[in-house]
Amino acid sequence: MTKLHLFLLAIAFLSPLQNPAALATKKAYIVYLGGHSHGPDPTSADFERATQSHYQLLGSTFGSEELARSAIFYSYTKHINGFAAMLEEEEATLISEHPDVVSVFENTMKTLHTTRSWDVMGGFLNRQGKAHPESIWAKADYGDDIIVANFDTGVWPESESFGDEGYGPVPKRWRGICQNSTKHNFHCNRKLIGARFYDLSQQAKSASPPVEYSPRDSEGHGTHTLSTAAGGFVRGANIYGRAKGTARGGSPHARVAAYKVCWELCADANLLAAFDDAIHDGVDVISLSVGALPSEYLFDSIALGSFHAVQRGITVVSSAGNEGPTPGTVSNIAPWLFTVGASTIDREFYSLVTLADNKKMKGVSLSPKSLPAHKPYPLIDGSDAKRPNASAEEAGWCYPATLDPGKVRGKIVVCSRDPSLARVEKGVDVLKAGGAGMILANSDEEGNSLVADPHFLPASMITYKDALRLSSYLKSTKSPTATISPATTVLGVKPAPAMASFSSRGPNLINPEILKPDITAPGVDILAAFTREVGPTMLDVDKRRVRFNVMSGTSMSCPHISGVAGLLKKLHPRWSPAAIRSAIMTTARTRDNTRTPMKDANREKATPFDYGAGHVRPNRAMDPGLVYDITFTDYVHFLCSRGYNASGMAQFIGKRYACPSKTMRAEDLNYPSIAVPNLQKSFTVSRTVRNVGTPGTYNVRIKAPFGIDVSVKPQTLEFAKVEEEKTFHVRLRSRGESVGVGYVFGGLTWTDGTHYVRSPLVVNAFS
């Protein structure tokens, strides 16, 4: 070995020792200590003592309280006990072994789950456009003085959706703040009563630093979701003169508060800080259109924060995720969370594609630009217009710099839909290459799921079925041509609702005994308020500005349920979060406006793994008849069944606790749905219902899953008074034809002739 080799080898071994940073990289971690044992009215002194205890605990690991102070960037002091700190991996491991620590996990990033929708949910408005006197809006006084919190990208406070004309004083129970209102010209009012932002995780360099530290929404997502949940009435809302209508939230007279936890991404540390504040501030509903792939509850910031919120009677509504239609992709799966999928409404923005042979295809678009009427344009597939150095596949997807201007100029380009590039960006590339228009063709995976976008050029998105027809036409014609009509609003579209292809599906990968998602709500082409900071596509090249925007995602369906939850909280202030969820789930529908079972994006029959209990019907939820309630103690027992020990549970809930001697089965959690993922010949589950309606007699109706025998005892429940509870047992037995075929689905309904209390049955038989 030469001297040079020996020298380089020595450097390789010595350089880590000379540079400690190479050995130990600090990352942001959450150290979760459970719940606080503060009294009912904690003071600032209590919060300060909690902070000091965090310094002392971490200082015992570091050997220095001063080092601990510099490492901690969030201290959770109100309801959630814990802190976020910059730690080396070895330090995180060491602190996790401390007897007071419940869990330690890395500060990961979660993502955003990115009108007429209220009208189509059933009987809200009369023919004069006013609330029907029997609607949930009228009966719940539009959610007056309910406080809805939104964890998102902030809010655009100047939006008309948050105007406070006609509002009375802020509710006295509100303890929140309007953060940095003067410094950034950000103002709250009697409608938008509070706003906070959480930037310390960004300052700790666990995410890209934002441009402006304030609650102001520079993305548009938070303004859209908050106005959907509880924005006020705004007549004449539109985007480019299309999607005209009245924008309104589910609880339009509710007070709202924005908690800006998301910048480019949504940090766990920010989310826990927002939960800690929102619980203390006095909110009634938390709307959370954020998520990530599921993980064990003790290492999931949303599961932990919502657990403490539900403990204080706050309903937490979350989105199911946009990873569909792949099975097992549903996120936010903790049983105390209300998880929402996304479905279509009966309104579309049609943009007709007409071929030279007069074949017509109904696409969708929100493009403000249009081609001259009835003028055919040459048509070319992107793959046939590729540059010499580009692949046909990339050009077919209309990737940047793949289209040859000489082949594209003045033509309509057909681009294949691909999730790795934003739909509107494809149009930008066509426009740069000189194209006159674009047809965006669905792949087999997207099927019939269409999303209207405010394209930069005349454009229309078509279904996979029509994409096949178009491909056949292009191959059979020497000089293909087409026209694209301007976008027009069409109401009464059938079938609707249908599941959106992007909506994440069950089964629940952590606890398959708990069916997720719980419900579905409108999440496609939803019109709501928007920021003036960016254009409607949120692309840097988009210099347009709009007051309202149309967006799609489970992010859009989640706040619909948040709004309904606010109305139910106003109507039934003593109902628990579980009772509110039960009322919404058991009154949902599973049929569309053609009176046939709901479909997925490929027009195939959807299942409870797609829509949970079904599509929300707010007016029915006002008077569900019976509810499946779950107490906070029930959730604690459920966690015991997952192996959490008594000492850990005591820290979790902030007081002494002992798990019951008989372990609870997850299938017996009093959930409004019944899921048995591992049926071995026979299995019996128990449920308890409480009468919240008039006294009466309920009889059971069973729709047994394929190959499953279902029996219920007793078959009749008699209620002599309100609040009376009755328990029943459901026995499931597998027959040979159901074994090994996978999940099968059915339903169980209790009815007194007026109320229909329906629960999905989900079974997977193995023997």
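This report looks at empty spaces and one sheet in a predicted model.

**Enclosed spaces**

Rolling a probe the size of a water molecule over the atoms shows where empty space is left. Two cavities and one pocket are set out below.

| Space | Volume | Lining by class |
|---|---|---|
| Largest cavity | about 50 Å³ | 8 nonpolar, 1 polar, 1 charged |
| Second largest cavity | about 40 Å³ | 6 nonpolar, 5 polar, 1 charged |
| Second largest pocket | about 920 Å³ | 11 nonpolar, 9 polar, 9 charged |

Start with the largest cavity. Val310, Thr315 and Val316 are part of its lining. So are Trp336, Leu337 and Phe338. Pro577, Ala578, Arg581 and Tyr635 complete the list. Which elements supply at least two residues each to this lining? They are strand 14, residues 315–319, and helix 16, residues 577–586. Helix 16 gives the most, with 3 residues. By class, the lining has 8 nonpolar residues, 1 polar residue and 1 charged residue.

Now the second largest cavity. Its lining includes Ser351, Ser365, Ser367, Ser370 and Ser485. Lys369 and Leu371 line this cavity too. Pro458, Ala459, Ile484, Pro486 and Ala487 are also in the lining. The split by class is 6 nonpolar, 5 polar and 1 charged.

**The second largest pocket**

This pocket has a volume of about 920 Å³. How many residues line the second largest pocket? The count is 29. Nearest the centre of the pocket lie Ala588, Thr590, Arg591, Thr749 and Arg758.

Helix 17 (608–611) supplies at least two residues of the lining. Strand 30 (696–703), strand 34 (743–751) and strand 35 (756–765) each do so as well. Strand 34 gives the most, with 5 residues. The lining divides into 11 nonpolar, 9 polar and 9 charged residues.

**An open sheet**

Strands of a sheet pair through backbone hydrogen bonds, either parallel or antiparallel. Here, 4 strands form an open sheet with antiparallel pairing. Their order is 27-29-33-31. Why is one side of strand 27 and of strand 31 left without a neighbour in the sheet? Strand 27 (626–627) and strand 31 (708–713) stand at the edges, and each has a single partner strand, so one side of each has no neighbour there.

For strand 31, look at its pairing with strand 33, residues 725–734. The two run antiparallel and are joined by 6 bridges. One bridge can be picked out by residue: valine 710 has leucine 732, in strand 33, as its bridge partner.

Technical notes
Residues numbered from 1 in each chain as written. Predicted model: local features only at pLDDT ≥ 70, side-chain atom pairs only at ≥ 80, totals over all residues. Heavy atoms only, no water. 1 Å grid on protein atoms, 1.4 Å probe; cavity = no way out; pocket = protein on both sides within 12 Å on 5 of 7 lines; lining within 4 Å. Points joined across faces, edges and corners; volume = space filled by probe spheres on them. Nonpolar A, V, L, I, M, F, W, Y, C, P; charged D, E, K, R; others polar. Pairing = 2+ DSSP bridges.
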